[in-house]
Amino acid sequence: MDGPGKRKRGEGVRIVVVSDTHGLHEMLEIPDGDVFVHAGDIFFLSSLYTEETLKNRLKAFNEWLASLPHKEKIVIAGNHDNLLEASSDAKRILKSCTYLCNETIELKSSGLKIFGSPISSSNGPLSINHAFQDSLMFDIEKAKSADILVLHGPPDSVPVVKRFVKESKPRLVIHGHVHETHGMSQPNDTTVVVNATTMGAKYSPTNPAVVIDFPLVTTKKRASL
């Protein structure tokens, strides 16, 4: 699994990932690719705004998604996205993507299976931004078939997820939530973990989108960074 570079046709899928855009998505430079993934925290301090205001902002976010050239777009929620937790109307607004909430889909273009969950940990006392911070937001049975996990929080911050990744060794785990640790790591010989948070520690969009060339293989193999 490598960073961006030249690819031969059919040799892999280019996945472009961001997270924690917190309302500043239009400021970002988004590279082209096959699949676009947003790993949660569309909003910032959403509990302070009215439902009408948040729906209008979500409509603007959906229009931005529609402008992106990627063939398939995957979005999950994060702990700032309480509108998506509370309102079924909000999910219907996101027409320009596939919104995942504790479920797995198969990509039409490649057959890769992606499981998406908005789960994250509060890392201490709950703040006012605590949407989806519940271990029940991770369905082990649905995650078992996935090649890629898209979570809001890092996998080692929630015990049930940490144990699942250790035992099942998915090929790729994408997350955000922790603004200070943007980048890639490899916790075992199979799994690559990507923190794609856009915001730096001071809530400024300083981190670039992460571009992953994901190989299409029939069996799990050692991932190389």
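The following dialogue works through a predicted model and asks what supports each description of it.

User: What makes D41 count as buried?
Analyst: Buried means under 20% relative accessible area. D41 has a relative accessible area of 1%, so D41 is buried. D41 is placed in the loop between β2 (35–39) and α1 (51–67).

User: What is noted about the backbone of D41?
Analyst: The phi angle of D41 is positive, at about 65°, although D41 is not a glycine.

User: Which other residue, not a glycine, has a positive phi of about 65°, and where is it found?
Analyst: F132 has a positive phi of about 65° and is not a glycine. F132 is found in the loop between β6 (113–117) and α4 (140–143).

User: Is F132 buried or exposed, and how do you know?
Analyst: The relative accessible area of F132 is 4%. The cut-off for buried is under 20%, and therefore F132 is classed as buried.

User: Why is H130 called partly exposed?
Analyst: Buried residues have under 20% relative accessible area and exposed ones over 50%, with partly exposed in between. H130 has 41%, so H130 is partly exposed. H130 lies in the loop between β6 and α4.

User: How many residues apart in sequence are H130 and S47, and what is their distance in space?
Analyst: H130 and S47 are separated by 83 residues in sequence, while their C-alpha atoms are 9.3 Å apart in space.

User: Why is β2 described as largely enclosed by the rest of the structure?
Analyst: The description rests on burial, since 5 of the 5 residues of β2 are buried. Both faces of the strand are covered. V35, V37 and A39 are buried on one side, and F36 and H38 are buried on the other.

User: How do side chains come to be on two sides of a strand?
Analyst: In a regular strand, side chains alternate between the two faces of the sheet.

User: How do you know that β2 pairs with β1 and with β3?
Analyst: Two strands pair if at least two bridges are found between them. Strand β1 (residues 12–18) is joined to β2 by 4 bridges, and β2 is joined to strand β3 (residues 72–76) by 5 bridges. Both counts meet the requirement, so β2 pairs with each of these strands. β1 and β2 run parallel, as do β2 and β3. Among the bridge partners, V18 is matched with H38 in β2, and F36 is matched with K73 in β3.

User: What unit do β2, α1 and β3 make?
Analyst: These elements make a right-handed β-α-β unit.

User: What makes β4 and β11 edge strands?
Analyst: An open sheet of 5 strands has the order β4-β3-β2-β1-β11, with mixed pairing. β4 (98–99) and β11 (210–215) each pair on one side only, and these are the edge strands. β3 and β4 pair in the parallel sense over 2 bridges. As at least two bridges are required, this count is sufficient for pairing. In β4, Y99 is the bridge partner of V75.

User: In what order do the 6 strands of the other open sheet run, and which strands are at its edges?
Analyst: The order of these 6 strands is β5-β6-β7-β8-β10-β9, and the pairing is mixed. The edge strands are β5 (103–106) and β9, each pairing on one side only. On average, neighbouring strands of this sheet are turned by 20° against each other, direction ignored.

User: How do you know that β6 and β7 pair?
Analyst: β6 and strand β7 (residues 148–151) are joined by 4 bridges and run parallel. At least two bridges are needed, so β6 and β7 pair. I148 in β7 is the bridge partner of I114.

User: What makes V192 count as buried?
Analyst: V192 has 1% relative accessibility, and the limit is under 20%, so V192 counts as buried. V192 is placed in strand β10. V192 and I174 are 18 residues apart in sequence and 8.5 Å apart in space, C-alpha to C-alpha.

User: What lines the largest pocket?
Analyst: The largest pocket holds about 250 Å³ of space and is lined by 16 residues. P155, D156, S185, P187 and V193 lie nearest its centre. α5 (159–168), β9 (183–185) and β10 (192–195) each supply at least two lining residues. The lining divides into 7 nonpolar, 6 polar and 3 charged residues.

Methods: Residues numbered from 1 in each chain as written. Predicted model: local features only at pLDDT ≥ 70, side-chain atom pairs only at ≥ 80, totals over all residues. Heavy atoms only, no water. Buried < 20%, exposed > 50% of the residue type's maximum accessible area, 1.4 Å probe, protein only. 1 Å grid on protein atoms, 1.4 Å probe; cavity = no way out; pocket = protein on both sides within 12 Å on 5 of 7 lines; lining within 4 Å. Points joined across faces, edges and corners; volume = space filled by probe spheres on them. Nonpolar A, V, L, I, M, F, W, Y, C, P; charged D, E, K, R; others polar. Axes fitted to C-alpha atoms, helices over the stretch in contact; angles between N-to-C directions. Right-handed = clockwise from strand over helix to strand, strands pointing away.
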